[in-house]
Amino acid sequence: VAVPASRGAYGRARGRPCASCVLGPIRVRAWTGRSMDGYQEFLLTVRRDINCLSDSDRMVRRGAIIRLEKTLLSSGKTSSDLVRRLFLEELHKPLFRLFADQTEKCRELSVSMTSQFVDLVPVEDLDNVLPLLLAALLGRFRTLPFPE
């Protein structure tokens, strides 16, 4: 069955944003019927960038890590409690994968951001993150010659 030219592949009219883009975090709460805490609402704002860190396109990864760095660390507008929780629950694995990225900017920012996050997080909370961090670092240093 052919899709009319005015409609996209999924039957939605072209040029119109999807429902989740229109609703936003405040309306999603009313739409789902559940109330969200501040962290959940914050997570909605950065979820796309976190997902883009594992995209196959290097420019998408680069843009995502730059936006996350500005949002979480440079702007100073985000609560350190939210940043700590985001790093420990969602961000550490995609960030550690970028240690071996082809793009130099992604590698530099991922190492720099990890260093700043580790300074924010109390030592006792790093127990689950340290093995993954060491594996990412060793993966980078074990190869000869060292990748740049």
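Okay, to start: which residues are linked in a network of salt bridges here? They're Asp37, Arg85 and Glu89. Quick caveat before I go on: this is a predicted model.

Let me set the scene first. The chain has 6 helices and 0 strands, so if you read along the sequence you get α-α-α-α-α-α. It's 148 residues, and 30% of them are buried. If you take the contacts with a separation of 6 or more, 58% of them come from residues 24 or more positions apart. And on the surface side, we're at about 10,000 Å² accessible, with 54% of that belonging to carbon and sulfur atoms.

Right, charges. Side chains of opposite charge can pair when their charged atoms come close. In this structure there are 6 salt bridges, and I'll walk you through some of them.

Back to that network. One piece is Asp37 with Arg85, where the closest N and O atoms sit 3.7 Å apart. The cut-off is 4 Å, so that 3.7 Å pair counts. What's nice is where the partners come from: Asp37 is in the loop between α1 (19-32) and α2 (38-52), while Arg85 is in helix α4, residues 80-97. That's 48 residues apart, so this pair links distant parts of the chain.

The other piece is Arg85 with Glu89, and there the closest N and O atoms are 3.0 Å apart. Why are these two separated by about one helical turn? Because they're 4 residues apart in helix α4. So Arg85 pairs with Asp37 and also with Glu89.

How covered is that network? Asp37 has a relative accessible area of 36%, so it's partly exposed. Arg85 is at 32%, partly exposed as well. Glu89 comes in at 44%, again partly exposed.

Okay, one more pair, and this one is Arg67 with Asp49: closest N and O atoms 2.8 Å apart. Here again distant parts of the chain get linked, with Arg67 in helix α3, residues 58-74, and Asp49 in helix α2, 18 residues apart.

So, Arg67 and Asp49: buried or partly exposed? Arg67 is partly exposed, at 37% relative accessibility. Asp49, on the other hand, is down at 10%, and since buried means under 20%, it counts as buried.

To wrap up, then: a network through Asp37, Arg85 and Glu89, plus a pair joining helix α3 to helix α2 through Arg67 and Asp49. That's what I have, happy to chat.

Conventions
Residues are numbered from 1 along each chain as its sequence is written. This is a predicted model: local features need pLDDT of at least 70, side-chain atom pairs count only at pLDDT 80 or more; totals for chains, interfaces and linings use all residues. Side-chain values use heavy atoms; hydrogens and water are left out. A salt bridge is a side-chain nitrogen of Lys or Arg within 4 Å of a carboxyl oxygen of Asp or Glu. Buried means under 20% relative accessible area, exposed over 50%, partly exposed in between (1.4 Å probe, protein chains only). Contact means heavy atoms within 4.5 Å. Accessible areas come from the Shrake-Rupley method with a 1.4 Å probe; for residues, only the protein chains shown count as cover.
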